[in-house]
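Reader: I am new to this structure and would like to go through it with you. May I put some short questions as I look?
Author: Please do; the structure is shown here.

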Amino acid sequence: MRGSLLGAMRAVFIRELLLFWRRRTEVANILVFFVIVTTLFPLAVGPERRELAHIAPGVLWVAALLATTLSLNQLFIIDYTEGSLDQMLLSPYPLTALVFAKLAAHWVLTGLPLALLSPLLAIQMALPDKAMGTLVLSLLLGTPILTLIGAIPAALTLGVRGGGVLVSLLVLPLYTPVLIFGAEAVAAAAGQEFAATAHLSLLAAFLVLALAFAPLACASALRVSLD
Amino acid sequence: MIKYLHKYGAPRRFYAISGRVLPWSAVITVILFVSGLYLGLYWAPPDYQQGDAYRIMFVHVPNAWMSMMAYMALALFAAAGYIWNIRLADILAKCTAPLGASFTLCALVTGSIWGKPMWGTWWVWDARLTSELVLFFLYVGYMAVQASIEDPRRAAHASAIVAIVGVINVPIIHYSVYWWHTLHQPASITLTNQPKIYITMLIPLIVMSLAFMFFYLTMLLVRARNEILVREKDRQWVRNLARKIV
């Protein structure tokens with residue numbers, strides 16, 4: 001019997017959340033990684049507050065980007081090894097829609113906590129208070145793009161040896177626009193020179209593009225990998 | 001049209017045709033390179049600002065152009081191979097990648113050698129330099145996927161998706177780096193505001209660009225022919241070929 005498409009998407013979404021909840025240490029590890037990477041910078045650069053505030057937007061964004069990249073390896077691998085990915089492929093629903101639900105769940109469990117955690121680390125990095133809102137907003141807009149784009153290489157490298165490093169290699173060049181505008185938005189909000197809205201609008205535009213095309217590309221990538 | 005592609009896209013047929021084209025394109029490449037280098041290094045007058053140092057342009061600019069053209073070719077071949085399942089297109093895409101990466105690397109290296117005397121530094125985070133660097137990373141990623149998947153068909157399909165996603169992103173990356181730069185600070189050094197190029201410098205540049213294009217064609221044919229022989233090594237026609245040589 002065939003239910004509605006939205007019903008199927010909801011089922012995938014809830015299943016993902018549930019599965020993630022049962023492996024919650026893995027999700028927590030991503031966040032811990034984010035915290036540790038950010039903490040390394042003051043240790044390396046020195047605790048001078050002005051200097052820290054200067055590099056804070058870049059550091060926070062690079063750390064969030066690396067944390068997301070790490071999380072990509074777990075995106076499909078378990079479903080791939082246990083075979084439920086094959087079932088999704090065989091199901092009567094379009095794979096693109098199911099992948100979309102899966103990615104949405106992934107973002108709720110990685111990108112969203114990263115964005116919510118970021119102000120805490122921003123204090124550590126001496127980021128001015130007035131930039132906090134922009135930081136959270138830029139991460140809220142930016143991390144879904146990271147998940148969406150990153151899912152394509154993650155799907156392509158399923159079952160490939162050395163897949164983890166390969167994913168980072170493939171995905172980091174594609175992340176440059178997001179990194180540039182994300183970090184720049186925060187830097188603009190921290191300084192006085194420019195308004196951050198231009199950067200945030202561009203991030204939102206990227207998000208729309210990624211929402212439209214990335215699940216499609218990701219579904220084709222999965223078809224190649226499961227062929 | 002697709003039937004036609006399949007007919008001429010049969011590796012064996014391509015091998016025969018390319019064997020006849022290859023000597024010609026090799027000869028043309030050599031002629032163009034010799035005359036281009038003569039024109040560029042000897043015939044063209046020295047620049048009134050940069051003296052003779054600007055002559056690296058005749059190698060640098062064609063390399064930079066080719067790096068982008070090769071990526072377009074790579075994406076087109078990859079897409080054709082992915083969409084219509086043309087094996088030859090897969091082979092051409094695979095063989096284009098290292099060539100394109102070399103063009104990109106040469107463009108970066110010659111650019112930085114040129115930058116040292118002109119700007120006083122090896123590297124500037126200029127928009128063009130940065131996007132060229134990202135382009136190099138895209139090539140590397142493509143080749144890494146090709147190398148890590150053994151089954152040639154899956155490797156071709158997977159890397160085709162990488163190439164297509166990459167080619168959609170190239171303009172986005174380029175413009176974001178460009179806006180990043182211009183939003184950040186007024187450009188202190190731009191490559192675009194060079195003194196207007198004179199005809200005596202333009203001619204060697206065009207000849208050198210053509211030389212690089214034919215060089216790409218020649219090398220692509222050589223590489224593709226090798227790749228075809230490797231992939232079809234168990235086929236009768238390759239065995240006959242080998243028997244003839246040995």
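Reader: Let me start with a single residue. What does M69(B) count as at 40% relative accessibility, and why?
Author: This is a predicted model, and in it M69(B) counts as partly exposed, because its relative accessibility of 40% lies between the 20% limit for buried and the 50% limit for exposed.

Reader: Where is M69(B) found?
Author: M69(B) sits in helix α3 of chain B, which covers residues 57–84. M69(B) also belongs to a nonpolar patch on the surface.

Reader: Which other residues form that nonpolar patch?
Author: Alongside M69(B), the patch holds L37(B), Y38(B), L41(B), Y42(B), W43(B), I199(B), L202(B), I203(B), I206(B), L210(B) and M213(B). Together these residues have about 1100 Å² of accessible area.

Reader: Which helix gives the largest share of the patch?
Author: That is α7(B), with 6 residues. Both α2 (11–43) and α7 of chain B supply at least two residues each.

Reader: And chain B as a whole? How many helices and strands does it have?
Author: Chain B has 8 helices and 0 strands. Read from the N terminus, its elements run α-α-α-α-α-α-α-α.

Reader: What share of chain B is buried?
Author: Of its 246 residues, 46% are buried. The accessible surface of chain B is about 13100 Å², and carbon and sulfur atoms account for 69% of that surface.

Reader: What about contacts between residues at least 6 apart in the sequence of chain B: how many join residues at least 24 apart?
Author: In chain B, 78% of those contacts do.

Reader: Changing topic: how many salt bridges are there over all chains?
Author: The structure holds 10. One of them joins the side chains of R15(A) and D79(A), with 3.1 Å from N to O.

Reader: Which parts does that pair tie together?
Author: R15(A) lies in helix α1 (residues 5–22) and D79(A) in helix α3 (residues 49–82), both of chain A, so the salt bridge ties together parts that are 64 residues apart in sequence.

Reader: Are those two buried or partly exposed?
Author: D79(A) counts as buried, at 4% relative accessibility. R15(A), at 25%, counts as partly exposed.

Reader: Which residues are linked with them in a network?
Author: The network of salt bridges also includes E16(A), E82(A) and K102(A), in addition to R15(A) and D79(A).

Reader: What does R23(A) meet in a salt bridge?
Author: The side chain of R23(A) meets that of E26(A), at 2.9 Å from N to O. E26(A) counts as partly exposed, with a relative accessibility of 24%.

Reader: Back to chain B. Which residue does E227(B) pair with?
Author: E227(B) forms a salt bridge with R231(B), and the N to O distance is 2.9 Å. Both residues lie in helix α7 (residues 199–231) of chain B, 4 residues apart, which is about one turn of the helix.

Reader: Is E227(B) buried or exposed?
Author: E227(B) is buried, because its relative accessible area of 15% is under the 20% cut-off. Its partner R231(B) is partly exposed, at 30%.

Reader: Last topic, confidence. What is the mean pLDDT of chain A?
Author: The mean is 88, and 98% of the residues in chain A reach 70 or more.

Reader: Where in chain A is confidence lowest, and where highest?
Author: Confidence is lowest in helix α4 (residues 84–90) of chain A, with a mean of 87, and highest in helix α7 (residues 132–156) of chain A, at 93.

Conventions: Residues numbered from 1 in each chain as written. Chains lettered and ligands numbered in written order. Predicted model: local features only at pLDDT ≥ 70, side-chain atom pairs only at ≥ 80, totals over all residues. Heavy atoms only, no water. Salt bridge = Lys/Arg side-chain N within 4 Å of Asp/Glu carboxyl O. Buried < 20%, exposed > 50% of the residue type's maximum accessible area, 1.4 Å probe, protein only. pLDDT = per-residue confidence, 0-100. Contact = heavy atoms within 4.5 Å. Areas by Shrake-Rupley, 256 points an atom, 1.4 Å probe, with all protein chains shown as cover. Patch = residues over 30% accessible without salt bridge, like charges linked within 9 Å, V, L, I, M, F, W, Y side chains within 5 Å.
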